[in-house]
Amino acid sequence: MCAEADSGGHTDAAVAYTLMPAMTGLRDRIVAERGYPDGIRVGAAGGLGAPESLAAAFVLGADFVLTGSVNQCTPQAGTSDAVKDLLAQADVQDTGYAPAGDMFEIGARVQVLRRGTLFAARANKLYQAYRRYDGLEAIDAKLRRTIEEGWFRRDLEQVWKETREYHLRAGRPQEVERAERDPRHRMALVFRWYFVHSTRTAMRGDPAERVNYQIHTGPAIGAFNRFAAGTALADWRNRHVDAVAEALMAGAAEVLRDRFSSLGR
Ligand SMILES: Cc1cc2nc3c(=O)[nH]c(=O)nc-3n(C[C@H](O)[C@H](O)[C@H](O)COP(=O)(O)O)c2cc1C
């Protein structure tokens with residue numbers, strides 16, 4: 001089992017300090033009740049980008065650690081070089097929250113890069129508009145113009161046409177029927193187009209769309225950038241995933257050794 005505190009991408013912003021004791025306590029109770037002979041290992045994820053953070057996770061009782069955000073800024077990651085360049089410049093305060101495109105209507109959130117892109121600000125405004133208006137027709141003219149000319153660079157009717165065709169092709173005519181009956185649902189489907197578009201343009205590294213890049217990441221990338229500054233790992237092209245993992249684990253071992261020896265003095 002892995003307990004995920006506030007992370008890049010989909011997150012419910014849990015705090016590791018409180019999550020880990022709750023999860024290890026639950027594990028201990030269940031293992032005792034059920035008499036599992038081999039126990040259950042509980043790992044920690046979320047926010048791990050500096051050796052000190054990994055060390056803290058092990059002190060909190062983690063049996064293993066899992067990284068996410070730091071792996072996206074490596075030669076092995078499937079995203080574009082443009083995204084990796086932006087991630088390599090991020091600091092610990094350069095992330096923010098935006099609505100999740102796949103769970104837009106229920107208000108689920110993702111953590112994304114804020115520095116160098118306007119995706120989070122625009123996506124949050126789209127969510128506010130979705131909450132406020134009954135349908136695309138009700139959106140005030142100024143905001144509609146901003147969305148069409150500034151953000152989407154196409155008009156909303158064209159987006160609906162493309163979205164409609166996509167759902168029909170994907171064998172989901174009921175989605176189209178519902179949207180044609182329910183203007184609010186049509187607005188959600190049109191707005192959700194932006195979440196797919198902003199992910200695709202980031203993955204492709206389309207330079208004209210940089211302000212719209214949707215890049216899932218947490219502040220762990222900023223912590224790693226600080227840790228790597230002045231070393232060979234400062235350049236993301238050297239950040240092979242095994243080298244990143246090795247540097248973090250070796251660093252964590254050092255932190256734990258120094259910390260425990262200074263506490264014992
Ligand atoms: C770009 C990206 C994509 C992710 N995709 C998934 C996913 O598809 N499924 C999943 O369970 N977790 C996904 N995660 C979460 C990671 O598995 C991991 O739990 C999390 O990133 C750890 O927190 P951190 O980002 O603070 O290191 C993703 C994370 C990132 C940054």
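**Classifying residues and contacts in a predicted model**

User: Where is Val-59 found in the protein chain?

Analyst: Val-59 belongs to helix α2, which covers residues 51–59. The structure is a predicted model.

User: Why does Val-59 count as buried or exposed?

Analyst: The relative accessibility of Val-59 is 55%. The exposed class begins over 50%, so Val-59 is called exposed.

User: What makes Val-59, Phe-260 and Leu-263 a patch?

Analyst: A nonpolar patch joins nonpolar side chains within 5 Å, from residues with over 30% relative accessible area and no salt bridge. Val-59, Phe-260 and Leu-263 form such a patch on the surface, and together they offer about 330 Å² of accessible area.

User: Why does Arg-186 count as buried or exposed?

Analyst: Arg-186 has 10% relative accessibility and is therefore classed as buried, the limit being under 20%. Arg-186 sits in helix α8, residues 183–204. Across the protein chain, buried residues make up 42% of the 265 residues.

User: What joins the side chains of Arg-186 and Glu-157?

Analyst: Their side chains are joined by a polar contact of 3.3 Å. The cut-off for a polar contact is an N or O pair within 3.5 Å, and the value of 3.3 Å satisfies that distance.

User: How do the side chains of Arg-27 and Asp-28 meet, and what supports the term?

Analyst: The two side chains meet in a salt bridge, with an N to O distance of 2.8 Å. A salt bridge requires a side-chain nitrogen of Lys or Arg within 4 Å of a carboxyl oxygen of Asp or Glu, and the Arg-27 and Asp-28 pair qualifies at 2.8 Å. Arg-27, Asp-28 and Asp-63 are moreover linked in a network of salt bridges.

User: Why is Arg-27 placed in its accessibility class, and why is Asp-28 placed in its own?

Analyst: Arg-27 has a relative accessible area of 16% and is therefore buried, since the class comprises values under 20%. Asp-28, at 45%, counts as partly exposed, because that class lies between the buried and exposed limits.

User: What is the sequence relation of Glu-33 and Arg-29, and what does Glu-33 form with Arg-29?

Analyst: Both residues lie in helix α1 (residues 16–34), four residues apart, which is about one turn of the helix. Glu-33 forms a salt bridge with Arg-29, whose closest N and O atoms are 2.9 Å apart. Arg-29 has 45% relative accessibility and so counts as partly exposed.

User: Which parts does the pair of Glu-180 and Arg-164 tie together, and why?

Analyst: The side chains of Glu-180 and Arg-164 meet in a salt bridge at 2.7 Å, N to O. Glu-180 lies in helix α7 (residues 173–181) and Arg-164 in helix α6 (residues 156–169), so the pair ties together parts 16 residues apart in sequence. Glu-180 counts as partly exposed at 48%, and Arg-164 counts as partly exposed at 30%.

User: How many residues of each class form the shell around the ligand?

Analyst: The shell has one nonpolar, nine polar and two charged residues. Among the residues around the ligand are Glu-4, Asp-6, Leu-66 and His-216. Gly counts as polar in this scheme, and Gly-8, Gly-46, Gly-47 and Gly-68 are included in the shell.

User: How far is an oxygen atom of the ligand from an N or O atom in the side chain of Ser-69?

Analyst: The distance is 2.5 Å. The protein buries 58% of the 600 Å² that the ligand exposes when taken alone.

Definitions and conventions
Residues are numbered from 1 along each chain as its sequence is written. This is a predicted model: local features need pLDDT of at least 70, side-chain atom pairs count only at pLDDT 80 or more; totals for chains, interfaces and linings use all residues. Side-chain values use heavy atoms; hydrogens and water are left out. A residue is near a molecule or strand if one of its heavy atoms lies within 4 Å of it. A polar contact is a pair of N or O atoms within 3.5 Å; within protein, one must be able to donate a hydrogen and the other to accept it, and residues adjacent in sequence count only if both atoms are side-chain atoms. Accessible areas come from the Shrake-Rupley method with a 1.4 Å probe; for residues, only the protein chains shown count as cover. Patches are made of residues with over 30% relative accessible area and no salt bridge: like charges are joined within 9 Å, nonpolar side chains (Val, Leu, Ile, Met, Phe, Trp, Tyr) within 5 Å. Helices (H or I, at least four residues) and strands (E, at least two) are DSSP runs, numbered from the N terminus. Buried means under 20% relative accessible area, exposed over 50%, partly exposed in between (1.4 Å probe, protein chains only).
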